[in-house]
Amino acid sequence: MINTDSMKNIPVLAQLSSLILDKLSGIIQEKKYNNNEEIFAQGSPADSFIIVYSGSVTISAKSRTLAIITEKLFFGEMALFEDKPRIASATANGQTILWLITREEFLKLLNSDLNTATTLLMAIISTTLERLNKTNQAVITLYEIGKIIGEAPNLKNMSSAIFRKIAESLQACEGIIAIHNEFTEEFDIHDHIGPQPLSITTLESTDPLIELLADTKEPLLIENIETYPESDLVKDKFYYKKSLICAPFFHLNKFLGFILFIDDKVNRFDRDDFVLLSTCAGELGSAIDNSRYRQEEEARSRLNHNRI
């Protein structure tokens, strides 16, 4: 049986009375998972509502990350209402402890204690509505970025417009977008937001952050720079702030650039911001390569026209 004091630390359960928590504690199952261990596969039966007690879970489909569910959050709530296959896979990040309420146990509760089941249901729905609102904002951002990609006249305008649209969505106040320069092998800062003008216009490929992004090819979320293992390497950099979120963009394995946002507050960016920025960066990689190709073709066409 789950300790009710522990249950009070979970946001979706914290609003419930001690009596209801006591009843729920008897139907919650606890399961432990190792790093990279599969929790369920896409297409498998959906039979349980899941709370992440500790650790985190990656939700993915077709090798693409859809969401990262962190400690004290939940997922799989639709399994309580319908008997349909999982639409995505779930994998544990690090040592992870999950709390599960199966559909079978929930239906039993619904029949035996309508008040407890209804109270839990309303708490789940309230939290889900908040999540859907944030998801809708992310969808709008992605749609608007698609329009920018289709309408921007050149690479500079496109990269700047996309960068500022993402900054608006994340409500970020400081950051840069940097694009790889094929001639100098440096990264040119195409745009910047922040309280002060930047004293630099380029970053060298040997910059610690750029080397990390090039090596891992993965986005980066640092919730507190002081606890980051390699923080000493970047203490003299302009991006050494308490919070940092960054995503590289690639095309055909070429490192084309990255978007970076920083903040003076700890835990300024969350996993939803991380997924949105990662998704936008994925779109930006192919868009930049296509924009460069169009500009080269236009330059070639003008050159041929002048020769005639």
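A salt bridge here is a side-chain nitrogen of Lys or Arg lying within 4 Å of a carboxyl oxygen of Asp or Glu, and in this predicted model the count by that rule comes to 13 salt bridges.

**First stop: Lys 241 and Asp 264.** Select Lys 241 together with Asp 264, whose closest N and O atoms are 3.9 Å apart, within the limit for a salt bridge. Lys 241 lies in the loop between β10 and β11, while Asp 264 lies in the loop between β12 and α8 (271-307), so this pair ties together parts that are 23 residues apart in sequence. Asp 264 is exposed, with a relative accessible area of 52%, whereas Lys 241 is buried, at 18%.

**Second stop: Lys 241 and Glu 174.** Keep Lys 241 selected and add Glu 174, with which Lys 241 forms another salt bridge, the closest N and O atoms being 2.9 Å apart. Glu 174 sits in the loop between α6 (155-170) and β7, and because Lys 241 is in the loop between β10 (220-222) and β11 (243-251), the pair ties together parts that are 67 residues apart in sequence. Glu 174 is buried, with a relative accessible area of 16%.

**Third stop: the cavity beside Glu 174.** Glu 174 is also one of the residues that line the largest cavity, so select with it Gly 175, Ile 176, His 192, Leu 198, Phe 238, Leu 260 and Ile 262 to display the lining. The model has 1 cavity of 30 Å³ or more, and the space in the largest cavity is about 40 Å³. If you colour the lining by class, you should find 5 nonpolar, 2 polar and 1 charged residues. Colouring by strand instead brings out β7 (175-180) and β12 (254-263), each of which supplies at least two residues of this lining.

**Fourth stop: Asp 207 and Lys 237.** Now select Asp 207 and Lys 237, a salt bridge in which the closest N and O atoms are 3.8 Å apart. The two residues come from distant parts of the chain, 30 residues apart, with Asp 207 in the loop between β9 (202-203) and α7 (208-216) and Lys 237 in the loop between β10 and β11. Asp 207 is buried, with a relative accessible area of 6%, while Lys 237 counts as partly exposed, at 27%.

**Last stop: a network.** Finish by selecting Glu 144, Lys 165 and Glu 168, which are linked to one another in a network of salt bridges.

Key:
Residues numbered from 1 in each chain as written. Predicted model: local features only at pLDDT ≥ 70, side-chain atom pairs only at ≥ 80, totals over all residues. Heavy atoms only, no water. 1 Å grid on protein atoms, 1.4 Å probe; cavity = no way out; pocket = protein on both sides within 12 Å on 5 of 7 lines; lining within 4 Å. Points joined across faces, edges and corners; volume = space filled by probe spheres on them. Helix = DSSP H or I, 4+ residues; strand = E, 2+ residues; numbered from the N terminus. Nonpolar A, V, L, I, M, F, W, Y, C, P; charged D, E, K, R; others polar. Buried < 20%, exposed > 50% of the residue type's maximum accessible area, 1.4 Å probe, protein only.
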